[in-house]
Amino acid sequence: MSKVSIIGKANRVAGMPDLTIDELAGRVSTKSDLVSVAHVHAKKGRKEPFLHIQYDEWICILKGKMLFECDGDEITGNAGDTILIKKNTRFRPSFLEDTEYIPVCLPAFSPDLCTREDDTDAENVKFAEKLKKLHADQKEKLEPIDPNKPEVLYHMTTKAAWEQAERNNCAYFPETFEKDGYFTHATAIPGRLMEVANCFYQDVDGEWICLEFRRSVLSRKYGIVTKDEAAMPVGDKDAGENIKNETFPHVYAGLPCGCVDRLYKVKRDGPKFISIEGLTD
């Protein structure tokens, strides 16, 4: 591909009396899930339900005025302002004036990564369903880095370790990263996670989470290599008999915070790992 090329065209993904959204780049218009950019017009008085997003979003207000509700606080954005909404934030936007703005999402917006709470308005429900269909139609068209290897990968860690990486705005590294051979253990099969966790991590206290990310994003965006190899020890613990002959993805780097698409809560019963909410239960 040329270093300069036309890769897509604006695509209207929402057309309502009080809201229009033209996607300029993203899963629908340019068949890319790395970043999305849109051009939005919203009428005065429109109010969204509370949203919980799994991506970083920059809202660049070209004209008008927006109100953002988050954690009991209110922030007003005016024409010329750029608002940053961090990943894993619950907030509610509304429009105090007729407003035009550019949202930029990293990774790209997808209905799977944006939960709309208690939205009973018929037009909004219809709008949300249309978005889901548009993105479902495009999902199969997004090419993985290697069609012969699993694209979506998972890694379990303590909630504290992940939140520390986010606070420090740096990549996350497992505690045993160096001893393991400078790679991060992963799997492409969620059902394996409980067996692996109970083999290696029962002696590690605290809350645990599961990270979901994609091989193609690691490669294309961060230049990180993932190799599918035989099960390896974790720290001083050898792979269990049930998994030692199986193949696992090994990510030869830490995990950049921006590569993670979703977080899942892990359920435990004492030291035993039971399930992953929304993934294995």
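1. Let us start with a term: two strands pair if DSSP finds at least two bridges between them. Helices (H or I, at least four residues) and strands (E, at least two) are themselves DSSP runs, numbered from the N terminus. With that in hand, look at strand 12 and strand 14 (residues 208-214): 7 bridges join them, and they run antiparallel. To find one bridge by eye, go to Tyr154, whose partner in strand 14 is Glu212.

2. Before going further, a word on what you are looking at. This is a predicted model, in which local features need pLDDT of at least 70 and side-chain atom pairs count only at pLDDT 80 or more, while totals for chains, interfaces and linings use all residues. Residues are numbered from 1 along each chain as its sequence is written, and side-chain values use heavy atoms, with hydrogens and water left out.

3. Is strand 12 enclosed or open to the outside? Here "buried" means under 20% relative accessible area, "exposed" over 50%, and "partly exposed" in between (1.4 Å probe, protein chains only). Strand 12 covers residues 152-158, and 6 of its 7 residues are buried, so the rest of the structure largely encloses this strand.

4. Now to the sheets. As general background, strands of a sheet pair through backbone hydrogen bonds, either parallel or antiparallel. One open sheet here has 6 strands in the order 1-2-3-10-5-8, with antiparallel pairing. Strand 1 and strand 8 (82-85) stand at its edges with a single partner strand each, so one side of each has no neighbour in the sheet. On average, neighbouring strands of this sheet are turned by 20° against each other, direction ignored; the axes behind that angle are lines fitted to C-alpha atoms, for helices over the stretch in contact, and angles run from 0 to 180 degrees between N-to-C directions. Strand 5 and strand 8 run antiparallel and are joined by 4 bridges; Trp58 has Leu84 as its bridge partner in strand 8.

5. Another open sheet is made of 3 strands in the order 13-16-15, again with antiparallel pairing. Its edge strands are strand 13 (184-185) and strand 15 (226-230), each pairing on one side only. Follow strand 15 to strand 16 (residues 247-251) and you will find 5 bridges in the antiparallel sense. Among the residues to look for is Glu229, whose bridge partner in strand 16 is Phe248.

6. How many salt bridges are there? A salt bridge is a side-chain nitrogen of Lys or Arg within 4 Å of a carboxyl oxygen of Asp or Glu, and by this rule the count comes to 12. One of them joins the side chains of Arg12 and Asp22 (2.8 Å, N to O). Arg12 belongs to strand 1 (residues 11-16) and Asp22 to strand 2 (residues 19-25), so this pair ties together parts that are 10 residues apart in sequence. Arg12 is partly exposed at a relative accessible area of 46%, whereas Asp22 counts as buried at 14%.

7. Two further salt bridges deserve a visit. Glu48 and Arg46 meet through their side chains (2.8 Å, N to O), and both residues are buried. They also belong to a network of salt bridges linking Asp18, Arg46, Glu48 and Arg116. Lys159 forms a salt bridge with Glu207, the closest N and O atoms being 3.9 Å apart. Lys159 lies in helix 2 (residues 159-168) and Glu207 in the loop between helix 4 (193-200) and strand 14, so the pair ties together parts that are 48 residues apart in sequence. Lys159 is partly exposed, with a relative accessible area of 30%.

8. Gln54 is a good residue to zoom in on. It sits in the loop between strand 4 (51-53) and strand 5 (56-63) and is buried, with a relative accessible area of 13%. Contact means heavy atoms within 4.5 Å; not counting residues up to four places away in sequence, Gln54 touches several residues, including Asn88, Pro107 and Arg262.

9. Finally, compare your view of Thr115, in strand 11 (residues 114-116). Thr115 is partly exposed, with a relative accessible area of 46%. Not counting residues up to four places away in sequence, Thr115 touches Phe50, Leu51 and His52. From Thr115 to Arg90 is 9.0 Å in space, C-alpha to C-alpha, with the two 25 residues apart in sequence.
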